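Please look at the sequence and the model side by side before reading on. The report below takes a few parts of the chain in turn and describes how each sits among its surroundings.

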Amino acid sequence: MSAWVNALDSELEDLEKAMLTLKQKRSKQRTLTSHLHALQLLQSQDPSHTTSSPQPTPRTIVSKQNILNAFRFSGISIKTIGTYHGIRIDSSVKGKFYDRFYVILDTAANSSLFIHKHTCPYFIPIARLAKEHLENPNGVRLFAQALEEHLSAFVSRREQWKAALAKFDQLEDVTVSHAMDFISFRLNSIHAELRFSNLLLHSPDKVHLENSDIVPDFHLSLVDGIASLLQH
């Protein structure tokens with residue numbers, strides 16, 4: 001698996017560098033074209049200028065397949081190599097990139113796509129997403145987008161919980177599910193549960209509090225603060 005990941009990562013990095021170089025060239029060409037337009041305008045306004053030369057029109061032709069291969073927004077990169085489609089997803093929270101996940105799709109004898117290998121967590125419903133999207137005309141792109149939404153939501157929940165732990169150090173009896181969709185903890189006499197009803201949520205949609213004693217206001221404020229921190 002590591003060989004596949006390294007090869008795919010290298011291919012994607014090379015492609016992104018090539019696209020960056022291409023963008024820089026196109027920017028220079030647009031500047032050149034702009035200068036040529038200005039020069040032509042000046043020449044047309046000069047009565048002593050009686051001849052004109054053809055206007056250069058520098059263009060860079062990029063095939064549709066290359067654009068698809070270089071498709072990268074919201075942290076998604078797609079590369080096609082033979083019958084394989086390699087997908088790399090860079091999860092991000094508030095503009096900062098965290099984990100990198102890979103999926104390799106292969107083509108069956110009947111031309112349908114299936115998941116060959118992947119590095120996604122077990123709780124991500126990758127098989128369901130593949131079934132829902134890969135049969136569509138733009139299936140690879142749609143599948144990658146849906147998968148990225150799930151992965152980024154998971155990373156967002158995880159990083160928000162890390163931030164909560166760093167801010168509040170009085171928590172005890174902490175229980176957190178692998179998918180970060182259930183979090184429970186005790187703060188003195190308060191027991192709190194934060195639940196996420198689906199794996200696309202970045203914030204808990206259910207907060208349950210229990211206390212057997214009279215709870216000081218500042219303890220409730222701490223619990224509310226943790227819940228609020230997970231809702232941003």
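What follows is a short report on one helix, a set of strands and a loop.

## The model

The structure shown here is a predicted model, and the descriptions below should be read with that in mind.

## Helix H3 and its two sides

Helix H3 covers residues 126-133, and within this helix Ile126, Leu129, Ala130 and His133 are buried. When the helix is viewed down its axis, these buried residues fall within an arc of 100 degrees, so they line one face of H3. The spacing fits a general rule, since an α-helix has 3.6 residues a turn, so residues three or four places apart point the same way.

The face of H3 turned away from the buried side carries Ala127 and Lys131, which are exposed. On the buried side, the residues of H3 pack against three elements, namely strand S3 (96-107), strand S4 (113-118) and helix H4 (139-167).

## Strands S5, S6 and S7

Strand S6, made of residues 182-187, pairs with strand S5 (residues 172-176) in the antiparallel sense over 3 bridges. Glutamate 172 has arginine 186 in S6 as its bridge partner. S5 and S6 form a hairpin with 5 residues between them, and in that turn methionine 180 has a positive phi of about 60 degrees.

S6 is also joined to strand S7 (residues 190-195), again running antiparallel, by 6 bridges. Here phenylalanine 185 stands opposite alanine 192 in S7. The hairpin formed by S6 and S7 has 2 residues between the strands, and asparagine 188 in its turn has a positive phi of about 55 degrees.

## Serine 184 in S6

Is serine 184, which lies in strand S6, buried or exposed? Its relative accessibility is 5%, and because buried means under 20%, serine 184 counts as buried. If its neighbours within four places in sequence are left aside, serine 184 is in contact with Asp173, Val174, Thr175, His191, Ala192 and Glu193.

## Glutamine 170 in the loop before S5

Glutamine 170 lies in the loop between H4 and S5. With a relative accessible area of 36%, glutamine 170 is partly exposed, because that class lies between the cut-offs of 20% for buried and 50% for exposed. Although glutamine 170 and arginine 186 are 16 residues apart along the chain, their C-alpha atoms are separated by 8.6 Å.

How values were computed: Residues numbered from 1 in each chain as written. Predicted model: local features only at pLDDT ≥ 70, side-chain atom pairs only at ≥ 80, totals over all residues. Heavy atoms only, no water. Buried < 20%, exposed > 50% of the residue type's maximum accessible area, 1.4 Å probe, protein only. Helix = DSSP H or I, 4+ residues; strand = E, 2+ residues; numbered from the N terminus. Arc of directions from axis to C-beta. Contact = heavy atoms within 4.5 Å. Pairing = 2+ DSSP bridges.
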